[in-house]
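Here are my notes for anyone opening this one for the first time. Have a look at the model, then go through the points below.

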Amino acid sequence: MWVGVLGPLEVTVDGVAVEVGGTRLRALLTRLALDPGRTVSVGALVDAVWGDAPPAEPANALQSLVSRLRRAVPGLPLVSGPGGYRLDLPADAVDAHRFERLAREGARALRSDDPAGAATVLAESLSLWRGPALSDVAGADFAVAADARLSELRLTVTEDRVEAQLRLVADAALLGAELDGLAAAHPLRERTWALRMRALAA
């Protein structure tokens, strides 16, 4: 099973895409996917799904929603436990967590003077993005911090990948064009401007 949140919610079971319909179901699964393998409290899930307008009996309403989610996604490993629910998946089965792992590996390779290895791993990590992170729940309180953290890491990974490619004497003209766009979108980001100058010099 695969759950994608780096863009619109995406769920595949045995390689087949499964449509999860309904804003609340998508919010529930997205919130659980941010903490795979860990129990998320009933309170946190109710906040994620209903925000400032919780139902009269939130625990019962959540239980009903969980049942609907299990029916919507065959074989979903959603486990109930004391005080909450757990999406019983390995971290690598969620694109955001796989992205973070690959980002760390790529950064280590870059620090270890392995630009070829770094470029490969970092490109793989960036390929997991299909759009803005957590786009189905944009603006929800639980999503704001996660979105900001993931988006910042995406920029850092992009800079790391460009640096690796510059060390490999890759096509500086193409990298320069990419960095022009990054610098325009993030004019106060010093590392982007420094990399742009290196690309221009190359």
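1. Start with helix 2 (residues 42-50), which lies across strand 4 and strand 6 and runs at about 70 degrees to strand 4. Helix 3 (residues 58-72) packs on the sheet too, touching strand 5 and strand 6, and its direction makes about 155 degrees with that of strand 5. Touching here is contact, meaning heavy atoms within 4.5 Å. Helices (H or I, at least four residues) and strands (E, at least two) are DSSP runs, numbered from the N terminus. For the angles, axes are lines fitted to C-alpha atoms, for helices over the stretch in contact, and values run from 0 to 180 degrees between N-to-C directions.

2. A word on the source: this is a predicted model, in which local features need pLDDT of at least 70 and side-chain atom pairs count only at pLDDT 80 or more, while totals for chains, interfaces and linings use all residues. Residues are numbered from 1 along each chain as its sequence is written, and side-chain values use heavy atoms, with hydrogens and water left out.

3. Now the sheet under those helices. It is open, with three strands in the order 4-6-5 and antiparallel pairing. Strand 4 (39-41) and strand 5 (78-81) each have a single partner strand, so they stand at the edges with one side lacking a neighbour in the sheet. From one strand to the next, the twist averages 30 degrees. Strands count as paired if DSSP finds at least two bridges between them; strand 5 and strand 6 (residues 84-87) are joined by four. One residue to click on is Val79, whose bridge partner in strand 6 is Arg86.

4. Next, go to the beginning of the chain. Strand 1 (residues 2-4) pairs with strand 2 in the antiparallel sense over three bridges, and Val3 has Val11 as its bridge partner. The two strands form a hairpin with five residues between them, where Gly7 in the turn has a positive phi of about 135 degrees. Strand 2 is also joined to strand 3 by three bridges, again antiparallel, with Val13 partnered by Val16.

5. Which residue takes a positive phi in the hairpin of strand 2 and strand 3? That is Asp14, near 55 degrees, in a hairpin with two residues between the strands. Most residues other than glycine have a negative phi. Asp14 counts as exposed, at 74% relative accessibility (exposed is over 50% relative accessible area, buried under 20%, partly exposed in between, using a 1.4 Å probe and protein chains only). Asp113, in the loop between helix 4 and helix 5, also has a positive phi, about 60 degrees, and is exposed at 59%.

6. Is Glu159 buried or exposed? Glu159, in helix 6 (residues 141-167), is buried, at 3% relative accessibility. Its side chain makes a polar contact with the side chain of Arg189 at 2.6 Å (a pair of N or O atoms within 3.5 Å; within protein, one must be able to donate a hydrogen and the other to accept it, and residues adjacent in sequence count only if both atoms are side-chain atoms). Beyond its neighbours within four places in sequence, Glu159 is in contact with Arg189, Arg191, Thr192 and Leu195.

7. Last, the rings. Rings of Phe, Tyr and Trp (its six-membered ring) pair if their centres lie within 6.5 Å, with planes under 30 degrees apart counted as stacked, over 60 as edge-to-face and the rest as tilted. That rule gives one aromatic pair. Phe99 and Trp129 have ring centres 5.4 Å apart and planes at 85 degrees, so the pair is edge-to-face. Phe99 sits in helix 4 (residues 95-111) and Trp129 in the loop between helix 5 (115-126) and helix 6, 30 residues apart. Both Phe99 and Trp129 are buried.
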